[in-house]
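Opening the notebook on a new model today. I want the overall picture, then the cysteines, then a couple of sheets.

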Amino acid sequence: MIGSLKLSDSGMYQCLAENKHGVIYSSAELKVLALAPDFSQSPMKTLIQVQIGSVVHLECKPRASPKAICTWKKGEELVKENERTMILGNASLRISNVTKSDAGIYNCVARNQFGTASIRTRILVTEPTQIIMAPINMDISVGESVILPCQVLHDPLLEPQFTWYFNGNLLSLHSNGFHFERVGGSSSGDLMIRNIQLQHSGDYECVVQTAVDKVSSAARLIVRGPPGPPKDVKVIEITGSTATVSWRPAMDNHSPVTSYVIQARTIYSVGWQAVATVPEVISGKSMLATAVDLSPWVEYKFRVVASNKMGNGIPSVPSEKIRTEEAVPEMAPSEVNGGGGSKSELVITWDPLPEELQNGEGFGYVIAFRPAGTTTWIQTVVTSPDVGKYVFRNESILPFSPYEVKVGVYNNKGEGPFSPVETVYSAEEEPTVAPSAISARSLSASVIMVSWEAISWKINTGRTLGYEVRYWNNEGNDETSSSISVAGNVTSVNLTRLMSNTHYYAAVRAYNSAGAGPFSASVNATTKKPAPNQPPGNLVWNITDSKLFLNWEHVRALENESEVTGYKVLYWTNGIQKNILQTKYTSAELFLPISEDYNIEIVATTEGGDGTKSNQIRIPKMSSMDARGSVAPLLDMYSNAGCILMAVFCLVLI
């Protein structure tokens with residue numbers, strides 16, 4: 001036992017025990033501590049923020065040896081204990097039901113015989129944060145936009161932080177595309193949800209955090225939309241024209257399913273089509289319906305679409321492909337027709353029936369025909385479903401004879417209906433006679449018109465489809481001939497682009513669907529000589545009292561050219577269709593408004609056609625009612641010598 005311990009008592013102490021059997025030792029070290037109070041290992045916060053009505057606990061834990069005696073001061077005054085303020089046994093200060101008066105600077109002073117130390121903190125008392133506009137439960141439709149409010153009243157010294165949670169998980173505004181956005185000011189954490197979708201249904205919580213408190217408020221958002229896809233669609237029964245379809249309910253997405261629609265698709269359809277069903281309207285509580293009016297022997301897929309007051313939902317996954325049962329064909333071929341072919345043939349045609357209407361395997365056609373006016377049908381079978389033509393050959397068939405024809409259908413299940421009876425003519429014979437009354441007439445230096453009389457049906461034993469005209473210019477030899485064909489009942493044709501002053505021959509024959517008949521005897525005609533190559537010259541013009549006087553030189557034809565029979569005066573304003581004045585003379589008089597510019601050309605006319613045009617002249621508009629040319633005066637425009645140029649203004653174009 002060491003009393004009144006001193007620092008000099010520090011050291012190693014050893015106890016020795018000895019008897020006749022030996023010696024044993026035990027050692028220990030004595031450390032005598034002498035430490036003034038020190039808060040370096042247990043500092044306090046320099047600022048403690050608390051809200052009114054809360055409890056604050058200030059700890060005072062100095063390191064000291066021997067143990068320090070602690071006192072509390074607020075400012076320069078000792079803290080006195082009362083019903084709200086208590087100094088605990090471990091020297092901690094506890095203040096309950098904090099008020100604004102408790103704010104200030106608090107010091108904890110620790111003393112022992114080796115020294116004194118203190119530590120201080122500041123208590124800041126703030127008003128509690130309150131949510132004054134909280135999110136509310138909402139019921140909305142897909143595609144709408146909403147705002148969930150979260151607005152607070154907070155102490156001016158505090159800065160609130162807003163955080164949203166969705167179904168208990170932190171909501172990241174940036175990871176949800178454009179749907180979520182924080183709106184409002186520093187005291188508002190409103191959440192905007194744009195174009196809301198079904199997956200946005202759930203619980204939303206707004207959490208407001210400050211330095212001294214934390215408040216939150218939650219609401220439930222129900223998003224109503226069209227139903228989801230029905231599940232497990234399958235066909236449980238199939239016939240030739242019906243299919244019973246079952247499914248499991250679709251998710252209603254917060255709006256009860258009101259009805260279902262069955263859709264079908266085949267390789268022949270364009271996309272998915274709604275089918276007729278029994279019942280006609282499938283209620284939202286039904287899980288079974290029968291599709292009707294289906295085509296036999298066609299592979300179908302089915303899917304189901306649910307609807308509610310929000311609209312049509314997503315279609316289900318299609319059922320497995322399934323084929324309807326076979327049945328007797330129900331539809332006859334269309335467009336039954338025929339005709340043509342070779343001699344002694346009856347050609348019958350029709351539009352082949354599409355595969356989706358054949359109703360089963362072993363499909364083919366039954367061809368029935370008989371001469372018009374008889375009662376007994378001749379029948380034959382075409383076994384290929386893709387064939388749309390049958391040719392009956394028999395020497396007894398007369399040319400172009402009417403037959404009554406119908407085409408039926410059949411498959412392994414039996415025979416279907418026949419088409420309506422149509423009249424089809426047997427093959428024609430080529431025309432046996434040539435057209436008569438052939439004539440040829442020259443119209444110009446390059447055109448000859450050939451005409452004839454039409455061939456009657458009785459002679460032709462068929463229908464004439466048209467005529468062929470063959471022509472040549474080498475003294476009756478047609479080895480280098482040309483030909484032109486006309487259809488229908490046309491009985492004349494113009495042969496164009498011929499050589500001038502040349503002798504041409506022509507012959508005509510008729511043709512029909514069986515071929516062409518014999519040519520007629522040839523006829524001939526000679527094209528006219530060509531028009532003169534020399535254009536009208538020395539054109540003179542004069543205007544008096546809105547009258548335009550024109551005069552030009554006569555065109556003299558060469559020996560190999562057609563004689564001039566007259567002239568054409570072509571005149572027009574800019575952009576206006578040409579007008580033509582014909583005359584036998586070398587002068588003309590026109591009544592023209594003088595307020596417009598005119599263009600004029602002169603051309604000679606002959607039996608061989610029009611000659612070369614004169615150079616184009618332009619008559620400018622005149623402000624005066626009396627205007628002439630611009631070279632010299634004209635004394636006598638119509639003298640026997642022609643145009644005498646002296647004192648009159650005239651324009652000569654060569």
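My entries follow in the order I looked things up.

**Overall build**

I note at the start that this is a predicted model. I went through the secondary structure and found one helix and 59 strands. Next I checked how spread out the chain is. The radius of gyration is 59 Å, while the globule rule gives 26 Å for 654 residues, so I'm looking at something more spread out than a compact globule. The C-alpha trace spans about 175 × 100 × 60 Å along its principal axes.

I looked up burial too: of the 654 residues, 40% are buried. The exposed surface of the protein is about 36,500 Å², and carbon and sulfur atoms supply 50% of that. For contacts with a separation of 6 or more, I got 62% from residues 24 or more positions apart.

**Cysteines**

How many disulfides does the structure hold? I count two. Taking the bonded cysteines in sequence order, they pair 1-2, 3-4.

The Cys-60 to Cys-108 disulfide has an S to S distance of 1.6 Å. I put Cys-60 in the loop between strand E5 (56-58) and strand E6 (63-65), and Cys-108 in strand E11 (residues 104-112), so this pair ties together parts 48 residues apart in sequence. The torsion about the S-S bond is about -80°, which means the disulfide of Cys-60 and Cys-108 is left-handed. Both Cys-60 and Cys-108 are buried.

Then I turned to Cys-150 and Cys-206, a disulfide with its sulfur atoms 1.9 Å apart. Cys-150 sits in the loop between strand E15 (146-148) and strand E16 (151-153), Cys-206 is in strand E21 (residues 202-209), and the pair links distant parts of the chain, 56 residues apart. With -80° about the S-S bond, the Cys-150 and Cys-206 link is left-handed. I checked accessibility for each: Cys-150 is at 0% relative accessibility and counts as buried, and Cys-206 is buried as well, with a relative accessible area of 0%.

I also wondered why Cys-70 has no bond to Cys-60. The sulfur of Cys-70 is 3.9 Å from that of Cys-60, the closest cysteine sulfur, and this is too far for a bond; the cut-off for a disulfide is 2.5 Å. Cys-70 comes out as partly exposed, at 22% relative accessibility.

**Sheet E33-E34-E37**

I picked out an open sheet of three strands in the order E33-E34-E37, paired antiparallel. Strand E33 (334-338) and strand E37 (389-393) are the edge strands, each pairing on one side only. From one strand to the next the twist averages 15°. I followed strand E34 (residues 345-351) to E37: the two run antiparallel and five bridges join them. Val-347 stands opposite Val-391 in E37.

**Sheet E41-E42-E45**

My last stop was another open sheet, made of three strands in the order E41-E42-E45 with antiparallel pairing. Which strands stand at its edges? They are strand E41 (436-442) and strand E45 (492-495); each has a single partner strand, so one side of each is left without a neighbour in the sheet. The twist here averages 15° from one strand to the next. Strand E42 (residues 448-453) runs antiparallel to E45, and I find four bridges joining them. Val-450 has Val-493 in E45 as its bridge partner.

Terms used:
Residues numbered from 1 in each chain as written. Predicted model: local features only at pLDDT ≥ 70, side-chain atom pairs only at ≥ 80, totals over all residues. Heavy atoms only, no water. Pairing = 2+ DSSP bridges. Axes fitted to C-alpha atoms, helices over the stretch in contact; angles between N-to-C directions. Buried < 20%, exposed > 50% of the residue type's maximum accessible area, 1.4 Å probe, protein only. Rg over C-alpha atoms; globule rule 2.2 N^0.38 Å. Contact = heavy atoms within 4.5 Å. Areas by Shrake-Rupley, 256 points an atom, 1.4 Å probe, with all protein chains shown as cover.
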